[in-house]
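Grab a pencil and have a look at the structure below. We'll work through some exercises together, and each one comes with a solution you can follow step by step.

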Amino acid sequence: MRGWARFRRSKMGMIGAVMLLVAVVVAVFAPWLAPYDPYAPSSPTIEDIYAPPSGEHLLGTDDGGEDVLSGLIYGSRVSLIVGFSAATISLLIGGLIGLVAGFRGGRVGNLLMRITDFFLVIPDIALQIVIVAIVGQSLRNIILVIGVLGWTPTARLVRAQTLTVRERKFVLRARAVGGSDRYILRRHVLPQVLPLMLANTVLEISLAILAESTLAFIGLGDPTLISWGQMLNFAFTRGAVSAGAWWALIPPGLGIVWVVLGTTLLGNALEELLNPRLGRHFLEKEPPTQATPGTAPEQPELLLSIKDLKVTFEVGAAPVVAVDGVSLDVCRGEAMGLVGESGCGKTTTMLAALRLLPPGGAIAGGNIWFEGRDLAALRPNELRPMRWRQFSMVFQGAMNALNPVKTVGWQIAEAIRQHEPTVTADEAAARAGHLLETVGIGGDRAGDYPHEFSGGMRQRAMIALALACGPGLVVADEPTTALDVMIQAQIMDLLAALRAELGMSLVLITHDLGVVAESCDRAAVMYGGVVVEQGTIAEVFRDPQHPYTRLLLAAFPDIDQPDRPLASIPGTPPRLDEIPPGCRFAPRCPHAFERCHTERPPAYPLGPRREAACFLVERTWQGVTDG
């Protein structure tokens, strides 16, 4: 249902679907829609040949005195039968070859792709003309020739997609539990590839219709059937041009254009819908119009100030709110830890702050002040000079963030040359080597590829890349994920040393409270897309005010109290499309009361840059304000 809702919002897809549906309806109900039966015997007179449009013949007559409108309606049947049938044959042949070549690989895969390449370099239409001329001009032969010769693009597309799916962890897991190749292909790979295959098949329908029309136009269509290409062939070869009978030429041509355009629009829309790699990134879109006008904060010590940030994602009929009213401040030289369970909005908040949201995400309100400029209101060409020079990011999963076919040194130098065009390639390479030395990797490793680095070294390389242009703010998203304890400690020590040496600010996104306690000056706890508590490390860790913060700390082992039992938080964070009313933590909170389930608690200020969003601290807040 969500896919249908997204498709309905695609104007291109809906227009294409309607155009194709009209053609199908006309073809199915041709005997009832056509004013005459073009296959019925007739006795035309000389006056009936190329008679102009009239009340009796709305689109005139052709060279045989037959009604053009009736021929146009019946001709849609042949064109659509050829298009759908040939596209299905191409899907079956190309899909099978692409699946086997992509999944098996090795000699079998190489052999199948060399065969595919052989057929790909042969001009389709030339080979179709030769084969149809040899085997005969029946409709069955035309369908088979077009279908059998049109499978190569499908095979290449399916192979590329299969290669990607084959390397995913769930396929490895299926193999590990004993699944056979046939089982894995049928139950795990094919469901991932099939949607893209079907989208490509819709595009193949338009190519098949064009191929049939071309063959019929040059006289190689089935002479016993009426098709649009056949109508054009008769019109051109039997004097329609010299007779000025435009009505014999334009209607079948428009029929071909109508169906080809409809299938092309529909196919492109389905491909964009089903292939996420084709989705436009947020960087390519215009800035959101819902951003709230505001005034920049006057505190000169603030580097980044996020005010009432709201982020939405298009995942169904209506957008869902992923971040709702988040406000955070990061001072110059300060380290802020953003903590909470997975799915609480930590990464989304900072991706929105840096204007790096994925497709479908949008800033729906609030301000993001960075050194007095509202990033939420800037256009892409205004943001580009600021990226990496003023703020950068250490992405989660260094292996995925680094280009596998480029050396690590080249990727660091790329960032430098993007922002300093006067720097030569040699100078950028030298600076890249120095940056690698700074993070504890030898400069001689700059020529190595990411796969030649260990996990810890790749993470260090990502930090070097983030520092390439000397930014004032670095956002580190789970920089120690999947690393062992010793490497984690080294990475965090490196970040702390670089922050002290370079005077940069740091936002650390993590679920590891121990890392935040050791590395950060302040902490902000997020749950369900909102900040539930924030303050200095001492305030949050020694005197937590929100029940969620207390439970997080209780679930974390304390080396000073080895015998203390660890607590667990029942339930899971709320789904974005099922946010509970009132306090978002109320369904899991052991202290929740009736008000918590109906009213969302505000963020009560408890001191300088110290707040908690819980009704339990209301009395404390009143005491602070009264004092």
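## Exercise 1: Empty space inside

The largest cavity in this predicted model has a volume of about 80 Å³. Find out which residues sit closest to the centre of this largest cavity, and how many nonpolar, polar and charged residues are in its lining.

**Solution.**

Step 1. Start with the idea: rolling a probe the size of a water molecule over the atoms shows where empty space is left.

Step 2. Now look at the lining. There are 13 residues around the largest cavity, and the closest to its centre are Pro 547, Cys 583, Cys 589, Cys 596 and Cys 614.

Step 3. Sort the lining by class: 11 residues are nonpolar, 2 are polar, and none is charged.

Step 4. Zoom out. Searching the whole structure turns up 4 cavities of 30 Å³ or more.

## Exercise 2: The nonpolar cores

Work out which members of the largest nonpolar core touch the most other members, and which helix gives the most to this core.

**Solution.**

Step 1. The largest nonpolar core has 65 residues, and the ones touching the most other members are Ile 412, Leu 436, Ile 463, Ala 468, Tyr 548 and Phe 585.

Step 2. As for helices, H19 (residues 455-466) gives the most to this core, with 6 residues.

Step 3. Pick Ile 412 and check its surroundings. Skipping residues up to four places away in sequence, Ile 412 touches Ala 432, Leu 435, Leu 436, Ala 461, Ala 464, Leu 465 and Ala 468.

Step 4. Don't stop there! A second, separate core has 38 residues, including Val 311, Phe 313, Ala 353 and Val 507.

## Exercise 3: A strand with company

Decide whether strand S3 is enclosed or open, and say why. Then find its partner strands.

**Solution.**

Step 1. Count the buried residues, those under 20% relative accessible area. In S3 (residues 335-339), 5 of the 5 residues are buried, so the strand is largely enclosed by the rest of the structure.

Step 2. Check both faces. Ala 335, Gly 337 and Val 339 point one way, Met 336 and Leu 338 point the other way, and all are buried.

Step 3. Look for partners. S3 pairs with strand S8 (residues 505-509) in the parallel sense over 4 bridges, and Leu 506 in S8 is the bridge partner of Ala 335.

Step 4. Strand S9 (residues 522-527) also runs parallel to S3, joined by 4 bridges. Here Met 336 stands opposite Arg 522.

Step 5. Try the same on strand S6 (residues 391-394). Phe 391 and Met 393 lie on one side, Ser 392 and Val 394 on the other, and all are buried. S6 pairs with strand S7 (residues 473-477) in the parallel sense over 4 bridges, with Met 393 opposite Val 475.

## Exercise 4: Edges of a sheet

In the open sheet S2-S1-S4-S5, which strands stand at the edges, and what does that leave them without?

**Solution.**

Step 1. A reminder: strands of a sheet pair through backbone hydrogen bonds, either parallel or antiparallel.

Step 2. In this sheet of 4 strands, the pairing is antiparallel.

Step 3. Strand S2 (320-331) and strand S5 (373-374) are at the edges. Each has a single partner strand, so one side of each is left without a neighbour in the sheet.

Step 4. Take one pair: 9 bridges join S1 (residues 302-313) to S2, and Lys 310 has Asp 324 in S2 as its bridge partner.

## Exercise 5: Positive phi

Find where Arg 609 and Tyr 50 lie, and say for each whether it is buried or partly exposed.

**Solution.**

Step 1. Know what to expect: most residues other than glycine have a negative phi.

Step 2. Arg 609 isn't a glycine, yet its phi is positive, about 55°. This residue is in the turn of a hairpin formed by S11 and S12, with 2 residues between the strands.

Step 3. S11 (residues 604-607) and S12 (residues 610-612) run antiparallel, joined by 3 bridges. One bridge pairs Gly 607 with Arg 610.

Step 4. Arg 609 counts as partly exposed, at 32% relative accessibility.

Step 5. Tyr 50 has a positive phi too, near 50°. Tyr 50 sits in the loop between helix H3 (30-33) and helix H4 (68-104), and is buried, with a relative accessible area of 13%.

Methods: Residues are numbered from 1 along each chain as its sequence is written. This is a predicted model: local features need pLDDT of at least 70, side-chain atom pairs count only at pLDDT 80 or more; totals for chains, interfaces and linings use all residues. Side-chain values use heavy atoms; hydrogens and water are left out. On a 1 Å grid over the protein atoms alone, a cavity is a set of points where a 1.4 Å probe fits but cannot get out, and a pocket is an open set with protein on both sides within 12 Å along at least five of seven lines; lining residues have an atom within 4 Å of a point. Grid points are joined across faces, edges and corners, and a volume is the space filled by probe spheres set on the points. Ala, Val, Leu, Ile, Met, Phe, Trp, Tyr, Cys and Pro count as nonpolar, Asp, Glu, Lys and Arg as charged, and the others, Gly among them, as polar. A nonpolar core is a set of buried Ala, Val, Leu, Ile, Met, Phe, Trp, Tyr and Cys residues joined through side-chain atoms within 4.5 Å. Buried means under 20% relative accessible area, exposed over 50%, partly exposed in between (1.4 Å probe, protein chains only). Contact means heavy atoms within 4.5 Å. Two strands pair if DSSP finds at least two bridges between them.
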